[in-house]
Structure formats: structure tokens, C-alpha cells
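Open the model in your viewer and keep the selection tool ready. The tour makes three stops.

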Amino acid sequence: MLSDYAPILVFLVVVLGFAVGAQVASNALGPRRPSAAKELPYESGIVPRESARRRFSVSFYVTAMLFIIFDVESIFLFPWATIVRQLKIFGIVEIAIFIGTLLVGLLYVWRKGALRWD
Amino acid sequence: MLAQAATIPALVTPTGRDLLGLLPELILGAAFVLLMALDAFLPSTRRSWLAVVAFISLAAAFGASMWGWFDSGSGRTLYFGAFAYDRYSMFVNAILLVSSALVVIISPQYLNRRGIHHGEYYALILASTTGMMILAGAMNLMVIFLGIELLSISLYVLSGFSRGDERSQEAALKYLLLGGFASGFLLYGMALVYGETGHTQLAQIGLALRAAQTSSVDPLVLVGVILVFIGFAFKVSAVPFHTWTPDVYQGAPTSVTTFMSVTTKVAAFAALVRVFTYTFPYVYTHWQVIVSLVAILSMLVGNIAALTQTSLKRMLAYSGIAQAGYILIGVAVDPRVALGTIGVLYYLAAYAVTNIGAFAVITVMAGRGEDLDSYSGLRGLAFRRPYVAAAMGLFLLSLGGFPPTAGFFGKFFVFAAAIKTGLTPLAIWGIVTSAVSVFYYLRVALLMYQRPAEDEREYAWSRTSLSAGIVLAATTAGTLVLGIFVFLLYNAASAAQSGLLPAIASSSG
């Protein structure tokens, strides 16, 4: 029923009210004393040496993406491991196919040179 | 209605019967993995082998689907009701697999000429086709979503396959962003339907809606149903969710456009019919208005916009939008009348052979590094390539709905279903807009039979190769056979309709 959603509506109103209220209050009540040091980008307390907007190798991106893909896929092994006994032979075959597919993916990535760093 | 606390079932694993029923999808999935591995190890001069492997796997999947057609009989479900094993999905599989196979045949030559012959192409085509077949058989909201994502993600990559071409990149990005939106609509709609009925299985949802019908239908279910429809409308490029279509069709490599313009529509309509006509019949009166409205708008906007185009691919894109409108008439008719679904199936098959033929002409005529895209490139084609021009003329007639071509009977059955269920205005509107469409189809046909001016630079048409000849011959034959021996396909479509799952409503007539 539509009325089941009433708590969500209340929640939405409270969240919006808090977010907007906090912003408005800190803007209206907080003191402002700008200085050069405060304008610097925050890098964990270290004084920045150069602009952060410089180019870096696309290999970082490819490596990060590959990591994410294989990382996420390896997570599937955990739920499988908890019920592997009940799944019996079916589970073993299923996971072998799964890992085999991943392996082909890794082979593909390797042959296409995505793992080379130069 | 809150979901009943479902008892967690004992651990059950799919049986051999489940796997066997999924054979066509499994074959293509395995071929996809095999192609990726082959591509990594084959030298780049042997890329055409990949096309051969892809073709063989498509043929094998077709064989499995045909076997499934006879084996499934009156239909049953696989994987605990999440997947349909019925003649309807096998029928759709057949259209999809034949279309993909034709695309695979024309691709190597085209890709070589454009200089974009990468091995991933065939793997992605197979992955996309697998997604479409999953969509065609899906009986669970999550499986539907899985199928849509598998087919879409492969197509996003494929439409940007010409990496040096800005148009192609633009097409890929546009398709990705708008496709993402569409998935959002679809998922939100599914969430609402699930939230109100407590089920993701189509059969259970249908039963829940039937039970709710006796009291009153919850407005949130209707919002969910509409949102799901919007998600599908994006995929079939119906107005007002069509804006991506011309740009993507034009920018994508022509062989990819050939593939996506036909197969996406077939798969999405297959799922649309299963979900709306067969799962939501008890809220028919509510969604019928929306579907009719979208159909009317698609026919209007598609046909009017196609009139002003000067690019062949854009013209065919707008024509595809209009065709989606005609097919939607078949969805909008009363679910109790079988002719609507039969008409949709017939139209999809007719549209597949015709549109693949028309796009194949553009594909085989493509020059080195560029596509034949402007109308002026076709001028005088009939004097240089009489057979190609004749075939193209036939495809254009079929798209315009002239007898004795496939397109005529597609329209005929859909309009007949509309008249039979009292939606006569919809049928009249379809006939009027078809009359408009004749103008721009015939304009292209006449152009081919005009002598080029003496001083005009003639377009450098490539030679028609054997592979292209095979595809053109097959599509020409298909267009004629479906237009003359109508009952061959009508009977098959009728058989496909009669076993359609989930069978919630008692259909008659």
C-alpha cells in the first residue's frame, strides 16, 4: 500500500532539512578569516610542490581497471565457499567453469599487452 | 501488499534438463569465450577464421533452437520458473540467430575495407546475441535485466568500434549514456513492481495482479509498469525515447548498425510482449493508452522526420522508429486476442530480413575508409549494379509495405489485429502514415534508376563480393518468400504464440 512508504517520506524530509539547515547555519553563523595558507589544496598536511593537473600514464588506468574486474570476480568465491559442501559435484564444476572463463580473460589481457609497463 | 516472508528453500541445483533447455545460449556463451582466446593467439592476418568460428557457433545454436522447437512442445519453465522453454523463445531465437549469421557473413569484407577488423568484433556480436536470447526467454525480472545489460554493453562497445572515427565515438558515448538512463527507468519500474507484488517471477507477478484486480490496482504498480515500458521503449527506439537512434545508427560502423537495428528490436519486442501482453493482462486497460500513444507518436515522428533526411543511414533510422510504432500496435491490442502477438512475430521476422538487406546494400557499397551514406551516392546505381539496385528496390518496397513483400503482411496482421479489437483508429493512423512513408522510400528507389549527370563524379562503388552476394540473395529470397508463402511463417508464429509462457490469462480467439 502507498501508506507503507510514509516513513520514507518522513525520512526524506528530515534528511533534506538537516542537510540544508547545516549548510545555511554554518554560512550564517560561522566567522570568515581567509588567508593564503587556507587557500592551498589539502594534501594531508604536506605543502604542495606543483600542480596536480598533470598527465600520467594510461597504464595506471588499465591496471586499476583490471584489478577491479578480477577483484570483484574473486569475491564470488566467498559465497561459493560457504556452501560448497551442499553443492557437491555441481558446485565444483560450476566454479571450475567460472575460474576457467576468468583464466581466458587473463590470457587475453596478457596477450594483448595490457600487463606490459612501458 | 508486503511480501510474504518466503521460506528459504532447500539448496537445489539446476538439473540436466535445465542445462539442455539453455543449449542455444550455452553454445554462444562458450563460443564467445573461445573467440576471445582465439583472438589472443591467432595472427592478425587470420582474422577471417574468427568469422568462420562465429558462423559455425551461430549455426549450432540455430540447430539447438530448432531442436528446442520440437522438444519444448507446449512449453515448460527452466531454472525454477526463471526461464521459458517454449516455442515462442525458440521462434525469436531463430530470427536473432539468422540475423546475426547474415551480419557475420558480410562483416569481414566491410571491416577490412574500413580498416577496423579486430577479433573482438565477433566475440561481441556473439555476446550481444546471447543477451538477446536470454531476454527472449526471460521469465524473471532479474533475468530480463541481465539479458538487456549483456546485449547493451556489447553494443556500446560495438558502436564505438571505429576507434579513429569521431562519429563512431560520439555514437558509442551517446548510446552508453542514454542506455544507462533506460536501464535506470527499467530497474526502477521493476523495483516498484516487485515492491507491490512481492515477486520477481513473471508468473507470480501475473497471479498477484490477477488477485489484486478484484479489489483495486495499486497506483504504484501502474507507475512501475509504465517505467518498465519506458525502459523497453528506449531499446526499441519508440518516440519520445528515440533521440539516440539516428545519431547512433549513423555513427556506428554500418555492419554494427545492421546488427543492432534489427536484433535489438526483435529481442526487446519479444520481452515486451511476454511482460505486457502475457504478464500484465490484468492491468491492460491502464497501460493500453500509454502503449497506443507511444505507437501513434512513433509512426508520426518517424515518418515525418524520415522525409527530410539526406543520409541513407539516418533515413533508415527514422524508418526504424516508424516501424517500431507499427509493431507497437500489435502490443497495444487486447491480450486475449492472439492475432496481436502473431502479428508482432510476423512483423519482426519480416522487418529482420528486409532491414538487414537494406543495410547490407549500404555495407557492401561502402568505399575505402568511408561509408556510402548520402543519397547522391546511390544515383545511377541501377546502371552499374543492376542486381544490387533491384534488391535494394525490393527492400524499400517491403519497408513501405507493398505486396507481395514481407513488409506488407507484417503490417497487414498488425492492423488486422487492431481492427478486430476495436482499435480501428490506430490501424487507420498506421495506414495513413504508411502512405507518407512511401514517398521517402520511393525517392531513394527512383534515385537509383536515374542516370547520373555527365560531369558528376561517380561514387566509387566497390565490387560486390561473394559473401555480400550470399547475404543479398538470402534477404531478397526471404523478403519474397514471406510475402508470397505467407502461411509458412504465419503457422509457425501461431504455434509460437499458442505455447507462450507465462499462461496466466486464458486467451481466446
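**Stop 1: the contact between chains**

Select the contact between chains A and B: 12 residues come from chain A and 10 residues from chain B. Contact here means C-beta atoms, placed from the backbone, within 7 Å. On the chain A side that touches chain B, eight residues are nonpolar, two polar and two charged. Nonpolar covers Ala, Val, Leu, Ile, Met, Phe, Trp, Tyr, Cys and Pro; charged covers Asp, Glu, Lys and Arg; the others, Gly among them, are polar.

This is a predicted model: local features need pLDDT of at least 70, side-chain atom pairs count only at pLDDT 80 or more, and totals for chains, interfaces and linings use all residues. Residues are numbered from 1 along each chain as its sequence is written, while chains are lettered from A and ligands numbered from 1 in the order in which they are written.

**Stop 2: two helices in chain B**

Select residues 87-114 of chain B, helix α4, and residues 486-498 of chain B, helix α20. Helices are DSSP runs (H or I, at least four residues), numbered from the N terminus. The two axes come within 7 Å and cross at roughly 135°. Axes are lines fitted to C-alpha atoms over the stretch in contact, with angles from 0 to 180 degrees between N-to-C directions. That crossing makes α4(B) oblique to α20(B). Oblique is what remains after roughly parallel (under 35 degrees), roughly antiparallel (over 145) and roughly perpendicular (65 to 115).

Now show side chains. Arg87(B), Tyr88(B) and Phe91(B) of α4(B) meet α20(B) residues including Ala492(B) and Gln497(B).

**Stop 3: Gly231(B)**

Go to helix α9, residues 219-235 of chain B, and pick Gly231(B). Is Gly231(B) buried or exposed? Gly231(B) is buried, with 26 other C-beta atoms within 10 Å; the cut-off for buried is 20 or more. Beyond four places in sequence, Gly231(B) touches Ala182(B), Ser183(B), Phe185(B), Leu186(B) and Gly189(B).

Notes
Two residues are in contact if their C-beta atoms, placed from the backbone, lie within 7 Å. A residue is buried if 20 or more other C-beta atoms lie within 10 Å of its own, exposed if 12 or fewer, and partly exposed in between; C-beta atoms are placed from the backbone.
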